[in-house]
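Let's walk through this model together, one question at a time. Have the sequence and the 3D view at hand.

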Amino acid sequence: MSNIADGHERNSFNEFKYFLNIAKGSAGELRAQLYLIIDLGYLEESQIRPLIHEVTEISRMIVGLIRFRENRKA
């Protein structure tokens with residue numbers, strides 16, 4: 001969320017898009033860490049799966065925002 005807010009305050013769409021991509025990358029990192037939690041046996045898969053689903057949805061939303069802004073810019 002902070003990366004998106006930071007990018008939104010920038011002076012250009014390209015900078016905003018850059019920060020949106022950082023946010024998407026951070027979501028990917030979180031998803032990897034959630035899988036690691038399962039692999040290491042810290043929590044049950046049934047506890048983590050809903051979180052993985054939510055992070056995946058957030059990544060899709062970020063991509064949707066990038067596409068929306070690209071189309072609006074054109």
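Q: Is Ser 59 buried or exposed?

A: This is a predicted model, in which local features need pLDDT of at least 70, side-chain atom pairs count only at pLDDT 80 or more, and totals for chains, interfaces and linings use all residues. Residues are numbered from 1 along each chain as its sequence is written, and side-chain values use heavy atoms, leaving out hydrogens and water. Buried means under 20% relative accessible area, exposed over 50%, and partly exposed in between (1.4 Å probe, protein chains only). Ser 59 has 7% relative accessibility, so the residue counts as buried.

Q: Which residues is Ser 59 in contact with, leaving aside its neighbours within four places in sequence?

A: Ser 59 is found in helix α3 (residues 45-73); helices here are DSSP runs (H or I, at least four residues), numbered from the N terminus. Contact means heavy atoms within 4.5 Å. With those sequence neighbours set aside, the partners of Ser 59 are Lys 24, Ala 27 and Arg 31.

Q: How many residues apart are Lys 17 and Glu 70, which lie in distant parts of the chain?

A: A salt bridge is a side-chain nitrogen of Lys or Arg within 4 Å of a carboxyl oxygen of Asp or Glu. Lys 17 and Glu 70 form one, with their closest N and O atoms 2.6 Å apart. The pair joins helix α2, home of Lys 17, to helix α3, home of Glu 70, and the separation is 53 residues.

Q: Which helix holds both Arg 49 and Glu 45?

A: Here the side chains of Arg 49 and Glu 45 meet in a salt bridge, at 2.8 Å from N to O. They are 4 residues apart, about one turn of the helix, and both lie in helix α3.

Q: What kind of aromatic pair do Tyr 18 and Phe 19 form?

A: Rings of Phe, Tyr and Trp (its six-membered ring) pair if their centres lie within 6.5 Å; planes under 30 degrees apart count as stacked, over 60 as edge-to-face and the rest as tilted. The structure holds 1 aromatic pair. Tyr 18 and Phe 19 are 5.4 Å apart, centre to centre, with 90 degrees between the planes, so the pair is edge-to-face.

Q: Which of the helices has the highest confidence?

A: Confidence is given as pLDDT, the predictor's confidence in each residue, from 0 to 100. The protein has a mean pLDDT of 95, and 97% of its residues reach 70 or more. Confidence is lowest in helix α1 (residues 2-8), at a mean of 92, and highest, at 96, in α2.

Key:
Helices (H or I, at least four residues) and strands (E, at least two) are DSSP runs, numbered from the N terminus.
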